Amino acid sequence: MRQERSLEERIQYLEDIESIKKLQATYGHYVDKGWNGKEVDFESLPALFTEDATWKCAAMGVDSKGVNTIIDMLKEATADGELGMHSFTNPIINVNGDEATGKYLLWVGVKGAGVTNLVYQSEDVEYLRTAEGWKIASINLHFAQMLNS
């Protein structure tokens, strides 16, 4: 038998989803660069992750553990790029208490060394509620297709 949630529980669930959407969009904003003088915001990025977060992408050969290692990897990955623009679409977010998951389709426009690519991927994210709010506990990218110009 399914137990109905109270109005307060339903509101909290919706607030959690909105907080997670904002967290994910903020992550994308912080790693974007290349227009209007925009640079990757390496100083703000660590606050979005748990200390023991993981960031994986088999296609990129990345399996980073710990927030400092993730930031170092992102610095290296974005060093030569002229442009990086992330668009997370089709969010499927599930909240279960102080843990949540998100599934996204991800389009990344990148430009470097005179080559422009549009990369299509999916991204699975795990989130944890902390005393400071929701944080990213893990990111796992799954490469799908890349188009070059």
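Are F88 and Y104 buried or exposed? Keep that one in mind while I set the scene. What we have here is a predicted model, so please hear everything I say as a description of that model.

Okay, the answer. F88 is buried, and Y104 is buried as well.

Let's start with the sheet, since a lot hangs off it in this talk. It's an open sheet with six strands, and if you walk across it the order goes 2-1-6-5-4-3, with mixed pairing. Quick reminder for anyone new to this: strands in a sheet pair through backbone hydrogen bonds, and the pairing can be parallel or antiparallel. Now look at the two ends of that order. Strand 2, residues 62-65, and strand 3 are the edge strands. Each has a single partner strand, so one side of each has no neighbour in the sheet. From one strand to the next, the twist averages 15 degrees.

Let me zoom in on one of those edges. Strand 3 pairs with strand 4 in the antiparallel sense, and there are 12 bridges between them. If you want one to find on screen, take V95: its bridge partner in strand 4 is A100.

Next, the helices. Helix 1 packs on the sheet and touches strand 1, strand 3, strand 4, strand 5 and strand 6. Its direction makes about 160 degrees with that of strand 3. Helix 2 lies across strand 1 and strand 2, and it runs at about 45 degrees to strand 1.

Now for the rings. How many aromatic pairs are there? The count is four. One of them is Y27 with F88, a tilted pair with 6.3 Å centre to centre and 50 degrees between the planes. Y27 belongs to helix 1, residues 7-31, while F88 belongs to strand 3, residues 83-96, so this pair ties together parts that are 61 residues apart in sequence. Y27 and F88 are both buried.

F88 also pairs with Y104, and that's the link back to my opening. This pair is edge-to-face, at 5.7 Å centre to centre with 70 degrees between the planes. Here F88 in strand 3 meets Y104 in strand 4, residues 99-112, and the two are 16 residues apart. Step back a little and you'll see that ring pairs join Y27, F49, F88 and Y104 into a cluster.

Two rings also have a charge over them. R5 lies over the face of Y13, 4.6 Å from the ring centre. And K75 puts its charged end over the ring of F42, at 5.7 Å from the centre.

On to the core. The largest nonpolar core has 33 residues, and the ones with the most contacts inside it are Y27, L45, F49, W55 and Y127. Helix 1, strand 1, helix 2, strand 3, strand 4, strand 5 and strand 6 each supply at least two residues of it. Which element gives the largest share? That's helix 1, with six residues.

Have a look at W55 while you're in there. Leaving out residues up to four places away in sequence, W55 touches a whole list, including Y27, F49, M60, I70, M73 and L141.

I'll finish with M60 from that list. M60 lies in the loop between strand 1 and strand 2. Its relative accessibility is 44%, so M60 counts as partly exposed. M60 and A77 are 17 residues apart in sequence, and their C-alpha atoms are 9.6 Å apart in space.

That's my tour, thanks for listening!

Note on methods:
Residues are numbered from 1 along each chain as its sequence is written. This is a predicted model: local features need pLDDT of at least 70, side-chain atom pairs count only at pLDDT 80 or more; totals for chains, interfaces and linings use all residues. Side-chain values use heavy atoms; hydrogens and water are left out. Rings of Phe, Tyr and Trp (its six-membered ring) pair if their centres lie within 6.5 Å; planes under 30 degrees apart count as stacked, over 60 as edge-to-face and the rest as tilted. Helices (H or I, at least four residues) and strands (E, at least two) are DSSP runs, numbered from the N terminus. Buried means under 20% relative accessible area, exposed over 50%, partly exposed in between (1.4 Å probe, protein chains only). A charge sits over a ring if NZ of Lys or CZ of Arg is within 6 Å of the ring centre and within 35 degrees of the ring normal. A nonpolar core is a set of buried Ala, Val, Leu, Ile, Met, Phe, Trp, Tyr and Cys residues joined through side-chain atoms within 4.5 Å. Contact means heavy atoms within 4.5 Å. Two strands pair if DSSP finds at least two bridges between them. Axes are lines fitted to C-alpha atoms, for helices over the stretch in contact, and angles run from 0 to 180 degrees between N-to-C directions.
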